[in-house]
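Colleague: I am new to this structure and would like a close look at a single part of it. Please pick one strand, go through its neighbours, and then show how the rest is arranged around that topic.

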Amino acid sequence: MATVQRVLALALVSALTLIACAQGKLSYENYAVYKIDIGSIDQLEVLQHLESLPNGYTFLDYPARVNMSVEVVVPPGQLTNMERLFRKHEIQSTLLTSNLQQILNKERPTRKMAEGFGWDDYHTLEEIYAWIDEMVAQYGSVLSVQTIGQTYEKRDMKVVKLSYKEGNKGIFIDANIHAREWITSATVTWILNELLTSEDARVRYIAENYDWYIVPVANPDGFAYTHTTERLWRKTRSQHNLLCYGTDPNRNFNHQWNNGGTSVTPCSDTYAGPEPESEIEIVNLTTFVRSIAPTVKLALSIHSRGQYILFPFGYNNAPHTYNHQDLLQVGQRASVDMYKLYNKPYRVGTTAEVLYVASGISVDWAHAVAGIPLSYTYELRDQGEFGFILPADQIVPNAEELLEGFIAMIDEAQILNYM
Ligand SMILES: [Zn+2]
């Protein structure tokens, strides 16, 4: 097929260009973002093929099925080629922006160096870890930090534990396992700060009567890479061949691994890895979660974007869990209470039924393997306007909303005798 050969040739050129500028930060000047509607199997296959190549395109959503739309970032050098390909396959697309860099410029205000850590801007891994150390120094009687292993590139993976007393049931939270989802680590650090300092009786109750285990950045290598090099990077940074880096860490868990919604192609953004738990980051996380699992009743994996509250399962033709009605009830209660704050709707249901089929994901593993009965993915703001590059002035409102969701979930879980 001439088209495929042409795409491959261009892909190689683009990949080499990417390698050439790997030392600096990728500018998205004149990169376009398109919303593409997938209307047929033929179109789905073309897009999945395009997604799996090292071609400079960044798919912000995986083209998982017919009758969904995906957003795709297209480098300026690929625009003519893309238009030709789309015309040939009658793919319908809408231009969302012709210059992604302009949106990125709105993400962060001018940095105020003197003000230290706060939630009016996004922070690097080093800044987040330094803030955690400061908080541990200040609140050492209740707060501790533990290194649970190193990443592929030898960065520390850290979990923060907040515990006011013996015998509490546990809540486990991971954030930023997908590198580009910056709002997630910003949100959980804000919530940790509230758990330590808030005088709201509802917050004091959940802070002091549960043990909180929080991994603020579950994919440190990928996260660091989004700061230094490529803002929209999603995966880990393990190398699979000359051109392809990274495994999707949230497709690498050892439960129904590679059973739907994953790719076997190493350059794909949903590459499941060569085998389950091929990524050291996932080994570190699962080893840690197993060690605390007997006391943990609620596991939360924080992602963006789209505003969803999702629970197991996500894989192909999955059954409902034994406690499906409870998971639905607790999730719906959170959604109702979150809506009350800023009128942002969050859709609730199983990953496979409400979003798309995805396998080897953390929430499924936490429920089915670690035995944690209540296990949810939160997909935070927004529903399309800014996507992964949510302006920093939305960090606090989004975090306030999520805290309402946590309070509601815990309350409803108590009513149902889980915690
Ligand atoms: Zn994610």
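**A strand and its surroundings**

Modeller: Strand S9 (residues 296–304) and strand S12 pair in the parallel sense, and seven bridges join them. The model is a predicted one, and S12, residues 374–380, is the part I will look at closely. Within its pairing with S9, Ile302 stands opposite Tyr378 of S12. S12 also has strand S10 (residues 308–311) as a partner: three bridges join these two, and they run antiparallel. In that pairing Leu310 is opposite Thr377 of S12. Strands of a sheet pair through backbone hydrogen bonds, and the pairing can be parallel or antiparallel. S12 takes part in both kinds, parallel with S9 and antiparallel with S10.

How much of S12 is buried? Seven of its seven residues are, so the strand is largely enclosed by the rest of the structure. In a regular strand the side chains alternate between the two faces of the sheet. In S12, Leu374, Tyr376, Tyr378 and Leu380 point one way, while Ser375, Thr377 and Glu379 point the other way, and all of them are buried. Thus Tyr378, the residue opposite Ile302, is in the set with Leu374, Tyr376 and Leu380, and Thr377, the residue opposite Leu310, is in the set with Ser375 and Glu379.

The loops next to these strands hold two unusual peptide bonds. Most peptide bonds are trans, and most residues other than glycine have a negative phi. The bond between Ser304 and Arg305 is cis, with omega about 10°, and Arg305 lies in the loop that runs between S9 and S10. The bond from Arg381 to Asp382 is also cis, with omega near 0°; Asp382 belongs to the loop between S12 and helix H13.

Two residues depart from the usual sign of phi. Asn317 is not a glycine, yet its phi is positive, about 50°. Asn317 is found in the loop between S10 and helix H10 (324–342). Is Asn317 buried or exposed? It counts as exposed, with 9 C-beta neighbours inside 10 Å. Asn176 is not a glycine either, and has a positive phi of about 55°. Asn176 sits in the loop between strand S7 (169–175) and helix H6 (182–197). Asn176 is buried, as 28 other C-beta atoms lie within 10 Å.

H13, the helix on the far side of the loop that holds Asp382, leads to the nonpolar interior. The largest nonpolar core has 106 residues, and Ile173, Ile214 and Leu298 have the most contacts inside it. Helix H13 (residues 395–415) gives nine residues, the largest share of this core. Domain 1 (27–105) and domain 2 (125–416) both contribute residues, so the core lies between them. Setting aside residues up to four places away in sequence, Ile214 touches Val159, Val160, Ile173, Val188 and Leu192.

Another buried element is helix H8 (residues 220–228), where seven of the nine residues are buried. They are Pro220, Asp221, Gly222, Phe223, Ala224, Tyr225 and Thr226. These buried residues pack against helix H5 (125–138) and strand S6 (156–162).

A buried position in a loop is Gly360, which has 30 other C-beta atoms within 10 Å. Its loop runs between helix H11 (351–355) and helix H12 (362–368). Gly360 and Gln256 are 104 residues apart along the chain, yet their C-alpha atoms are separated by 5.7 Å. Leaving out neighbours within four places in sequence, the contacts of Gly360 include Arg251, Phe253, His255, Trp257 and Pro276.

A separate sheet is open and has four strands in the order S2-S3-S1-S4, with antiparallel pairing. Strand S2 (58–59) and strand S4 (92–97) are at the edges with a single partner strand each, so one side of each has no neighbour in the sheet. S2 is joined to strand S3 (residues 69–74) by two antiparallel bridges, and Phe59 has Val72 as its bridge partner in S3.

For the whole protein, the count is 13 helices and twelve strands. The radius of gyration is 21 Å, close to the 22 Å that the globule rule gives for 419 residues, so the protein is as compact as a globular protein of that length. Buried residues make up 47% of the 419. The UniProt annotation, from an unreviewed entry, places "domain: Peptidase M14" over residues 121–413. Over that range the chain is 38% helix and 18% strand.

Definitions and conventions. Residues numbered from 1 in each chain as written. Predicted model: local features only at pLDDT ≥ 70, side-chain atom pairs only at ≥ 80, totals over all residues. Rg over C-alpha atoms; globule rule 2.2 N^0.38 Å. Buried ≥ 20, exposed ≤ 12 C-beta atoms within 10 Å, placed from the backbone. Contact = placed C-beta atoms within 7 Å. UniProt positions renumbered as here; feature names shortened; annotations may be inferred. Core = buried A, V, L, I, M, F, W, Y, C linked by C-beta atoms within 7 Å. Domains from an automatic or database assignment. Pairing = 2+ DSSP bridges.
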